[in-house]
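Reader: Before the model is shown, I should like to learn how its contacts and salt bridges are to be read. Please take the general idea and then the particular case.

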Amino acid sequence: MVTSLDSITGRLKLRPARDVPELLAEPVRVALTALPDQLVARCSVAEIDPALADTAALCEHYQVPLQASANCVVVSGKRGGTPRWAGCVVLATTRADVNGVVRRRLDVRKASFAAQDEAVGRTGMEYGGITPLGLPAGWPVLVDAAVATADAVVVGSGLRRSKLVVPGAVLVALPGAEVVEDLGMSFTPPRA
Amino acid sequence: MLESLDLWVFQILYWAAVPVGIFAFIHAAFQRADAYTAADKLTKPAWLGITGGACALLLLNLVVPGSMLFYLIGLVAVLVYIVDVKPAVTEVQRGPRW
């Protein structure tokens with residue numbers, strides 16, 4: 001996959017992520033500093049209008065192709081009365097297979113999206129800005145194979161007023177990261 | 001008066017179906033799109049189309065006499081959404097119960 005950075009970042013004004021820590025939520029900043037230097041150097045951040053933090057609005061306004069944007073959803077399930085959590089990263093052109101791949105990986109009877117207040121409370125990130133970087137320790141970070149191999153994807157920064165642009169390799173290097181084939185289910189082609 | 005009682009009952013059923021259909025459509029519109037995939041249902045646009053189309057059929061039945069077949073089709077579509085899709089989509093967005 002050879003794509004120039006410009007073609008995927010549209011009208012986002014990128015700056016090196018390590019130069020503008022104020023555009024990152026606290027847990028995200030911590031996660032970045034724990035990464036190897038050569039990976040951090042490939043992470044950029046862009047300030048955005050917080051009203052446009054949701055994927056569809058972001059992609060339209062800043063002319064970011066949907067397939068260059070990755071969503072991070074927080075999934076939870078329960079096993080023997082104990083809750084289990086995971087972050088799932090899929091391209092915006094796909095949707096997480098919550099009750100297939102994710103449910104089996106978490107080994108729970110039923111998996112669901114975490115309620116908004118739970119997701120926000122446990123991650124310390126703003127809703128609409130939740131990102132795989134800096135999720136609580138011990139959470140698996142399931143990364144769809146298409147995200148893992150991407151040269152650059154737009155993900156959250158933990159805040160609504162900015163986005164991170166990172167190579168898939170950064171997400172794969174996160175603690176707890178696992179590359180999962182078929183995590184994202186495509187919904188653009190017709191499906192019965 | 002009494003011999004037309006059955007007609008009245010049908011009239012009530014015809015009218016009552018419309019708000020139920022509108023409720024289903026509005027409910028479908030307010031769910032997050034990826035919840036439908038997570039619950040193994042058709043996509044959100046598909047269900048918006050189904051419930052929206054069903055509303056149109058239910059309304060059609062009120063204005064065009066003799067379109068009872070359309071009424072039944074619309075009603076079945078709306079009820080499938082309400083008894084099958086709605087609970088599944090709601091549950092997958094709720095997080096585990098404590």
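Author: The turns below treat confidence, the interface, salt bridges and one buried residue. This is a predicted model, in which local features need pLDDT of at least 70 and side-chain atom pairs count only at pLDDT 80 or more, while totals for chains, interfaces and linings use all residues. Residues are numbered from 1 along each chain as its sequence is written, chains are lettered from A and ligands numbered from 1 in the order in which they are written, and side-chain values use heavy atoms, with hydrogens and water left out.

Reader: What mean pLDDT does chain A have?

Author: The term pLDDT is the predictor's confidence in each residue, from 0 to 100. Chain A averages 91, and 95% of the residues score at least 70. Elements here are DSSP runs numbered from the N terminus, helices being H or I of at least four residues and strands E of at least two. Among the elements of chain A, helix α1 (residues 5-9) has the lowest mean pLDDT, 76, and strand β7 (residues 141-144) the highest, 97.

Reader: How many residues does each chain give to the contact between chain A and chain B?

Author: Contact means heavy atoms within 4.5 Å. Chain A gives 21 residues and chain B gives 18 residues.

Reader: Which side chains meet in a salt bridge between chain A and chain B?

Author: A salt bridge is a side-chain nitrogen of Lys or Arg within 4 Å of a carboxyl oxygen of Asp or Glu. The rule finds one across this interface, joining A:K110 and B:E91 at 3.5 Å, N to O. On the side of chain A that touches chain B, β3(A) gives the most, with four residues.

Reader: Which parts of chain A does the salt bridge of A:R160 and A:D54 tie together?

Author: The closest N and O atoms of A:R160 and A:D54 are 3.6 Å apart. A:R160 lies in the loop between β8 (153-156) and β9 (162-166) of chain A, and A:D54 in the loop between β2 (44-47) and α4 (55-62), so the pair ties together parts that are 106 residues apart in sequence.

Reader: Is A:T9 buried or exposed?

Author: Buried means under 20% relative accessible area, exposed over 50%, and partly exposed in between (1.4 Å probe, protein chains only). A:T9, which is found in helix α1 of chain A, counts as buried because its relative accessibility is 3%. Leaving aside neighbours within four places in sequence, A:T9 is in contact with A:L14, A:Y62, A:V64 and A:V165.
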